[in-house]
Amino acid sequence: MSLLEDDEYVDEESAIVSANFPPEVQHAIDQVLPSSDPLDQPDFNAVDYINSLFPTEQSLSNIDDVVNNMHCKIRTIDDEIRSVVRGQTNVGQDGKEALEEAQKVIRQLFVHIKDIKAKAEQSEEMVKEITRDIKQLDCAKRNLTSAITTLNHLHMLVEGVDSLQILTKKRHYGDIVMPLQAVIEVMEHFRNYMDIPQIRELGEEVSRIRAALAEQITADFKEAFSGPNAKHFTPNRQLAEACLVISVLDPKVKRELLKWFIGLQLAEYTHLFQESQDTAWLDKVDRRHAWLKRHLVEFEEKFGPMFPSSWEVSERIAVEFCHITRNELSKIMARRKSEIDVKLLLYAIQRTMNFETLLSRRFSGVTLEEKEKSWSRNTRKEVTDPGNPFEEPDKKSTDPFEERSEAPEKMDLNALPRIKPKASPFQGIISKCFEPYLYIYIESVDRNLAELMEQFQEELKKKVQQSVEPGSSGGHGEGVLSTCADLFIFYKKCLVQCAQLSTGQPMLDLAGTFQKYLKEYAVKLLQNNLPKISTPGSLTSMSSLTRDFRDLSKSGIIQNFQSLLKEGEVTRYTREEQEKVCSILTAAEYCLDTTQQLEEKLKEKVDPPFCDKINLSAEQDMFHRVISNCIQLLIQDLESACEPALTTMSKIQWMSIETVGDQSSYVTAITGHLKQTVPAIREYLASSRMYFTQFCIKFAMSFIQKFIQHIYKCKPISTVGAEQLLLDTHMLKTVLLDLPSIGSQVNRKAPASFTKVVVKGMTKAEMLLKVVMAPGAPAKAFVEQYVKLLPESDVTEFQKVLDMKGLKRNDQNAMVEMFRSQQAIHTSPSWGGIASEGLQVKGDDESDPANRSSSLVLPKTDVVPASDPGASHLTVSNLSSSPVGVGSPEQESSRIKRLEKLIKKRI
């Protein structure tokens, strides 16, 4: 029995499992039959459901009621299932009957459609029978209309040919125009019927009439204008009407007639201005233009009404005049090239371009075969300024190549007008002949720039002489800046002038001239005017250092400066010389930026094939070198002021120092030089903040390197001496971190790049001194700590540290060997993460670079404050022979705290 029950349970469980539906089916069931009953949920769990019904043992008391409710629910569900099953008994029979009914209806519908199709075909046949006669009549109508039209055209053609023959003989040109147009249009209609003999004969007759008219009218014009009575000829109506006939004829006839007529009108001009005539030379180019103006006025008054306005006869005469003038000027300039100078050339170009502007205002240019068709007569209405048409509107910009400025007057270059970009087809129609001779203009610009350079040098010499006189206030900076501004204003004017003359090879030649004098300005006006560096024994001019400076690297320049400073005590720059160096730096910066703008403008103006040939990078590099030179001179001057203090530091007997007092005198001297020099340089470079920052960074790098080298010279040094030197180093570090804003009322945060350089360099100096303060025994521990604190150090520096400690040579050799082995196996940890047993870098405020690496766990010392009545100095006890850092933590902490307080008090 139990086995049977188990089988039933398994069957029921499998039935329950098989009742699980896919998610989409279950979702559809939930939408059709929504239910909140737990039994209807797809994830129904019997155990959980029973537990929810009987959560506690006490709830089992009403189990009978729950069971009865379940039985009632089961009976209800069974009744519902039974009713549904019974209701589906007749569904199959009803569906079969519905399908048969639908098939019956479809068969009936098919029969109806077939009947309709048959009736439609019958209707179509009936319509065709009805309209057959109508189609025939419609075709006959079209043929009849075409025949009538053709006959009318033929009648018009025959009558037109007859009338044209008669009118041609009588020269009634006014009556010929309309019939001739009609006959030409009718002949176009009969073009497809030319195989018919009669039509072909009429077409040939029309061609003969057109040829006869062209020959006859041409002969009439020649008789009127070049015949025996040409001088007494007055325009008449017959020739005016003949022009209308010419407009109807072949365009070739019109072109030939106008060519002959224009040549006749300009015959006098070609005779008066032959190459052999004095009036043909460039200085009388105005007479050519005056002749055309006078001739056009007379022509339009006398013959203007005779020609149709669409012929633009006046414009054609002007265009042909321009072509002839250009060819004649080219010939005569080629023959008399040696007589052309720049003033004559610019005079001719100016007059010619003004004349071209006048033509562009008077005529639309429709007769010129130009691609720019947008030019129209409306453009002339927009031009209201009767003055110089080449003036550009003012633009507000800091770019000297975009603003209008007056350049230094030279050789009357301002005689050349400024023009807008080419817009009229008449622009350059004559002046193009001057382009092969623009090298004369370029050579003149070269000479003017050479004179300008000499003028600049003379002005600077005068200002230098004036500054030497008593009561003078200097003014070097204004002189240098004014010269570079004048130079680029002159460049801008030349660029504008050349752009209106040509944007081809002459523009490229002008760019070469610009490059030449940019280099000369950089050398003669900037580099050679830097103040001299001299010693009492010998005066070495700056020119000897800067000769061929283009080929001299930056390191070579620095070496020259250093070699000069080593020869003796260096004379420092005066305040005026410092100002002059800064002004030259500012001028070089201005030249650098403006040269970049100049290159862009040249590439914008020049023709595309020459664009890639313009490159001013070499000149920009020269100004970069001048800037670097100025910065290096300022650094060298400030270093020379600090050099005696560093020398004093290296000569102090550090071994004999027994107490740590206030900062040393050399630190005070260095700080004084910095406070005296840096604020002045900052003021002079107020407009060049970037290069002032470079000055600070480079000075810090160079000074710290020298400072470390002088630390190595402080040997031998005791522990107390190292503590004093460490205090001095920290004070210098604090001053250096504040270098960009030293002496300023506005406290600005130093640039991060500068702070990084100072912290890195001075931290190395502090590490060196901390290593020197550490005990040398045991040697292995000392070497390990050295490698950790100074991972980038080499054997040479390690040897110098050992010399500073005053170790014996045998001990040094052993330590060197240990250092080499340790250096090979140790990696390079960062300074910020170093934490060894005996040497630890502490910081009260890690975010403050000035406090970073400011404290150190040192060997045991006894520190007595200077304010103590019993002791006026710091005393240092003997170093312990124990490993580095071994000692009482309380004593170490107390001693270091007092040393830190002393350092902060000095700050």
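Trainee: Which residues does proline 716 touch, when residues up to four places away in sequence are not counted?

Mentor: In this predicted model, the contacts of proline 716 come from two separate parts of the numbering. Trp654 and Met655 supply one part. The others touched by proline 716 are Asp803, Met804 and Gly806.

Trainee: Is the peptide bond from lysine 715 to proline 716 cis or trans?

Mentor: Proline 716 belongs to the loop between α24 (689-713) and α25 (719-737). Most peptide bonds are trans. For the bond from lysine 715 to proline 716, however, omega is near -10 degrees, and the bond is cis.

Trainee: Does proline 716 count as buried, partly exposed or exposed?

Mentor: Serine 656 is 60 residues from proline 716 in sequence, with the two C-alpha atoms 9.5 Å apart in space. Buried requires under 20% relative accessible area and exposed over 50%. Because its relative accessibility is 39%, proline 716 counts as partly exposed.

Trainee: Which residues in helix α28 (residues 795-805) are buried?

Mentor: Met804, touched by proline 716, belongs to the buried set of α28. Glycine 806, also touched by proline 716, comes just after α28 and takes a positive phi of about 75 degrees. Within α28 the buried residues are Glu797, Phe798, Gln799, Val801, Leu802, Met804 and Lys805.

Trainee: Which residue, although not a glycine, has a positive phi of about 50 degrees?

Mentor: Most residues other than glycine have a negative phi. The exception asked about is found in the loop between α11 (285-302) and α12 (313-335). With 16% relative accessibility it counts as buried, since the cut-off is under 20%. The residue with this positive phi is glutamate 312.

Trainee: What does histidine 289 touch, not counting residues up to four places away in sequence?

Mentor: Histidine 289 lies in helix α11. Its relative accessibility is 3%, so histidine 289 counts as buried. Its contacts are Phe321, Arg351, Thr352 and Phe355.

Trainee: How many Å separate the C-alpha atoms of histidine 153 and histidine 189?

Mentor: Histidine 153 is placed in helix α5 (residues 91-170). Beyond residues up to four places away in sequence, histidine 153 touches Val186, His189 and Phe190. Histidine 153 and histidine 189 are 36 residues apart along the chain, yet their C-alpha atoms are separated by 8.1 Å.

Trainee: Are α7 and α9 roughly parallel or roughly antiparallel to each other?

Mentor: The axes of helix α7 (residues 197-226) and helix α9 (residues 251-265) come within 11 Å and cross at roughly 10 degrees. Angles under 35 degrees count as roughly parallel. The relation of α7 to α9 is therefore roughly parallel.

Trainee: How do the residues of the contact of α7 with α9 divide into nonpolar, polar and charged?

Mentor: From α7 the contact takes Ala214, Phe221, Lys222, Phe225 and Ser226, and from α9 Val253, Leu257, Trp260, Phe261 and Leu264. These residues divide into eight nonpolar, one polar and one charged.

Trainee: At what angle do the axes of helix α17 (residues 505-526) and helix α22 (residues 617-651) cross?

Mentor: The axes of α17 and α22 come within 9 Å. The crossing makes α17 roughly parallel to α22, a class that holds angles under 35 degrees. The crossing angle is roughly 10 degrees.

Trainee: Which residues in α22 meet those in α17?

Mentor: On the α17 side stand Gln515, Leu518, Lys519, Tyr521, Ala522, Val523 and Leu526. On the α22 side they meet Glu619, Met622, Phe623 and Val626.

Trainee: Which element gives the most residues to the largest nonpolar core?

Mentor: The largest nonpolar core has 202 residues, and those with the most contacts inside it are Phe221, Phe307, Tyr521 and Leu674. With 14 residues, the element that gives the most to this core is α22.

Trainee: What does leucine 674 touch, not counting residues up to four places away in sequence?

Mentor: Leu674 is among the residues with the most contacts inside the largest nonpolar core. The residues that leucine 674 touches are Leu638, Pro679, Phe699, Val735, Leu736, Leu739 and Ile742.

Trainee: Among contacts in the chain between residues at least 6 apart in sequence, what percentage join residues at least 24 apart?

Mentor: The secondary structure comes to 30 helices and four strands, and buried residues make up 40% of the 907 residues. Of the contacts between residues at least 6 apart in sequence, the share joining residues at least 24 apart is 77%.

Note on methods:
Residues numbered from 1 in each chain as written. Predicted model: local features only at pLDDT ≥ 70, side-chain atom pairs only at ≥ 80, totals over all residues. Heavy atoms only, no water. Axes fitted to C-alpha atoms, helices over the stretch in contact; angles between N-to-C directions. Helix = DSSP H or I, 4+ residues; strand = E, 2+ residues; numbered from the N terminus. Parallel < 35°, antiparallel > 145°, perpendicular 65-115°, else oblique. Contact = heavy atoms within 4.5 Å. Nonpolar A, V, L, I, M, F, W, Y, C, P; charged D, E, K, R; others polar. Buried < 20%, exposed > 50% of the residue type's maximum accessible area, 1.4 Å probe, protein only. Core = buried A, V, L, I, M, F, W, Y, C linked by side-chain atoms within 4.5 Å.
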